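Work through these exercises with the sequence and the model side by side. Try each task before reading its solution.

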Amino acid sequence: MVQQTTQLNEMENTARRVYAQTIGTLAKMSTGRLLDLWDATEQAPMSDELPTVRGWIMDALQLQNPLAYDEWMSDESVDANPRQYFAA
């Protein structure tokens, strides 16, 4: 049991490091580039990784403009395009 807990803690720490590095890289990108990446995910085939990548892009957009992000998330239409809310 202790070994399992230790392994889970190590995996969580690794995941946190990867997330921090990825967000650090994405946060340095322009809003326009992030929106281009978002558009690319719209065209990508569904995979296990796609929702994670989209989440990373969303987090970076939220860091850059929390108000625009909140407006985007408040839009109840299924096809809400982030470009409507973020000035590139």
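**Exercise 1. Place Thr52: find its helix, its exposure class and its distance to Thr22.**

Solution.
- Start with the element. Thr52 sits in helix H3 of this predicted model.
- Next, exposure. The relative accessible area of Thr52 is 40%. Buried needs under 20% and exposed needs over 50%, so a value in between counts as partly exposed. Thr52 is therefore partly exposed.
- Last, distance. Thr22 and Thr52 lie 30 residues apart in sequence. Their C-alpha atoms are 11 Å apart in space.

**Exercise 2. Check the span of H3 against the expected value, then locate its buried residues.**

Solution.
- H3 has 15 residues. The expected span is 1.5 Å times one less than the number of residues, which gives 21 Å for H3.
- The end C-alpha atoms of H3 are 21 Å apart, so the two values agree.
- The buried residues are Leu50, Arg54, Ile57, Met58, Ala60 and Leu61.
- These residues cover an arc of only 160° around the axis, so they lie on the same side of H3.
- Helix geometry helps here: an α-helix has 3.6 residues a turn, so residues three or four places apart point the same way.

**Exercise 3. Do the same for H2: compare its span with expectation and list its buried residues.**

Solution.
- H2 holds 13 residues. Its first and last C-alpha atoms are 19 Å apart, close to the expected 18 Å.
- Thr31, Gly32, Leu34, Leu35, Leu37, Trp38 and Thr41 are buried in H2.

**Exercise 4. Trace the largest nonpolar core and the contacts of Leu61.**

Solution.
- The core has 15 residues. Leu26, Leu34, Leu61, Trp72 and Phe86 touch the most other members.
- Helices H1 (2–27), H2 (31–43), H3 (50–64) and H4 (66–74) each give two or more residues to this core.
- Now take Leu61. Set aside neighbours within four places in sequence; its contacts are then Thr31, Leu34, Leu35, Trp72 and Phe86.
- The general trend: in soluble globular proteins, nonpolar side chains tend to be buried together.

**Exercise 5. Is the chain spread out or compact?**

Solution.
- Count the elements. The chain has four helices and zero strands.
- Compare sizes. The radius of gyration is 16 Å, well over the 12 Å from the globule rule for 88 residues, so the chain is more spread out than a compact globule.
- Add the box. The C-alpha atoms fill roughly 50 × 25 × 20 Å along the principal axes.
- Finish with burial. Of the 88 residues, 25% count as buried.

Conventions
Residues are numbered from 1 along each chain as its sequence is written. This is a predicted model: local features need pLDDT of at least 70, side-chain atom pairs count only at pLDDT 80 or more; totals for chains, interfaces and linings use all residues. Side-chain values use heavy atoms; hydrogens and water are left out. A nonpolar core is a set of buried Ala, Val, Leu, Ile, Met, Phe, Trp, Tyr and Cys residues joined through side-chain atoms within 4.5 Å. Buried means under 20% relative accessible area, exposed over 50%, partly exposed in between (1.4 Å probe, protein chains only). Contact means heavy atoms within 4.5 Å. The radius of gyration is taken over C-alpha atoms; the globule rule is 2.2 Å times the number of residues to the power 0.38. The arc is that of the directions from the helix axis to the C-beta atoms.
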